[in-house]
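Here is a colleague's note to read alongside the structure. Please keep the sequence and the 3D view open while working through the numbered points.

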Amino acid sequence: MVDSWERARHILEAAGLDPGRLAHLAPLTGGTYNTVEELRLTDGSRYVLKIPPAASVPGLRHEKRLLVSEAEFYRSAARVGVPAPHEVSAGDDFLLMTAVPGEPWDGTLTDVEQMALRAELGRQVARLHRVTGPGYGYPSGALGPLAPDWRTAFTAMFDAVLDDARRYGARLPRPVDAVARTAASAYGALDEVTDPCLVHFDLWRGNILVDRADGEARIGGLIDGERMFWGDPLADFVSLALLGDIRQDEEFLAGYREAGGRSRFDTAARLRLALYRAYLYLIMLTETVPREAGEEQRCWVQERVAPELVAALDEIAESSWPARSAAR
């Protein structure tokens, strides 16, 4: 087994940094898949090192080469001036990045601070959505090459997590085949998407760092971009309002529109949003099996996530979107 300090020094040296300056190495908590460590050098500079699990560790199909997607996210964020870590060095088995200031968004913020931060976040997400990719899907190639259209990419993504649910025997509130049929009835709405935009897809509050260095709360950085894909920007609205409804977040939407983001919620958009909610909640329910989640976590996803999956599927089933649009 490779010693963590030895591994960190080797990676620093490969990145052109003096390994002898490594003064501090400690694990960071909060992640559920990769090993994450903080590195601090003698000059006070801070870095974050991510190491993926061994290939033999069970996971979902889309979780192969996640760090490729994460590095792509950070490069893209830098292009549009959104605060995020900067890639320092990367390889098949690691990603070394700069640390960004702040702590995960928590319950200590005042209502006034939260309103200002949500508007700031809206502007930042709108800037992210200006970045477009060379095709649709996961840049990691975990599910194959990028697709030429969003319907092809997203249906492959959805089918992959359904296959994972079958393979792991995940406890879902409805049979897998029934979930598949309901989702397929809305796939025609995916054809409305014509640009493969950058989608983080994991922007819940734990991945939004809030910095108070100058006394005023501001967003220090958006982190953990390993779930990013090229697709419909509307998909980001799911984690941004995890287990809720982004349409209720007036401050975020105001900031998003101010920075040029488009957020119309017509029938096709509402159907797509329901599909993306179903996709994320399927992932959250299914991953508890390969992650070997504890009883408390399993109970939480059944009590909180499963009903949201049902609600998304019901919204699709009750839609008046023309059935013929689901087929090509």
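1. The model is a predicted one, and a good place to begin is helix α1, which runs over residues 4-14 and whose buried residues are A8, I11 and L12. These three cover an arc of only 100° around the helix axis, and they therefore lie on the same side of α1. If you turn to the other side of α1, you will find E6, H10, E13 and A14, which are exposed.

2. What do the buried residues of α1 pack against? Their partners are four strands, namely β1 (22-27), β2 (35-41), β3 (46-51) and β5 (94-98).

3. The two ends of α1 also deserve a look. At the N-terminal end, D3 acts as a cap, since one of its side-chain oxygens lies 2.9 Å from the backbone nitrogen of W5. After α1 comes G16, a residue with a positive phi, near 85°.

4. Moving from this one helix to the protein as a whole, one counts 9 helices and 10 strands. The C-alpha atoms fill a box of roughly 65 × 45 × 40 Å when it is taken along the principal axes. A compact globule of 328 residues would have a radius of gyration near 20 Å, and because the protein has 20 Å, its value agrees with that expectation.

5. How much of the protein is buried? Of its 328 residues, 52% count as buried, where buried means that a residue has under 20% relative accessible area. The protein exposes about 15,100 Å², and carbon and sulfur atoms supply 49% of that area.

6. The contacts can also be considered by how far apart the partners are in sequence. Among contacts between residues at least 6 apart in sequence, 71% join residues that are at least 24 apart. The packing of the buried residues of α1 against β5 (94-98) can be inspected in the 3D view with this in mind.

7. Finally, two loop residues should be checked for their backbone angles. F201, which is found in the loop between β7 (197-199) and β8 (208-211), has a positive phi of about 70° although it is not a glycine. Is F201 buried or exposed? With a relative accessible area of 4%, F201 is buried, because the cut-off for that word is under 20%.

8. The other loop residue is D224, found between β9 (218-222) and β10 (229-231). Phi of D224 is near 50°, which is again a positive value in a residue other than glycine.

Conventions. Residues are numbered from 1 along each chain as its sequence is written. This is a predicted model: local features need pLDDT of at least 70, side-chain atom pairs count only at pLDDT 80 or more; totals for chains, interfaces and linings use all residues. Side-chain values use heavy atoms; hydrogens and water are left out. Buried means under 20% relative accessible area, exposed over 50%, partly exposed in between (1.4 Å probe, protein chains only). The arc is that of the directions from the helix axis to the C-beta atoms. Contact means heavy atoms within 4.5 Å. A polar contact is a pair of N or O atoms within 3.5 Å; within protein, one must be able to donate a hydrogen and the other to accept it, and residues adjacent in sequence count only if both atoms are side-chain atoms. The radius of gyration is taken over C-alpha atoms; the globule rule is 2.2 Å times the number of residues to the power 0.38. Accessible areas come from the Shrake-Rupley method with a 1.4 Å probe; for residues, only the protein chains shown count as cover.
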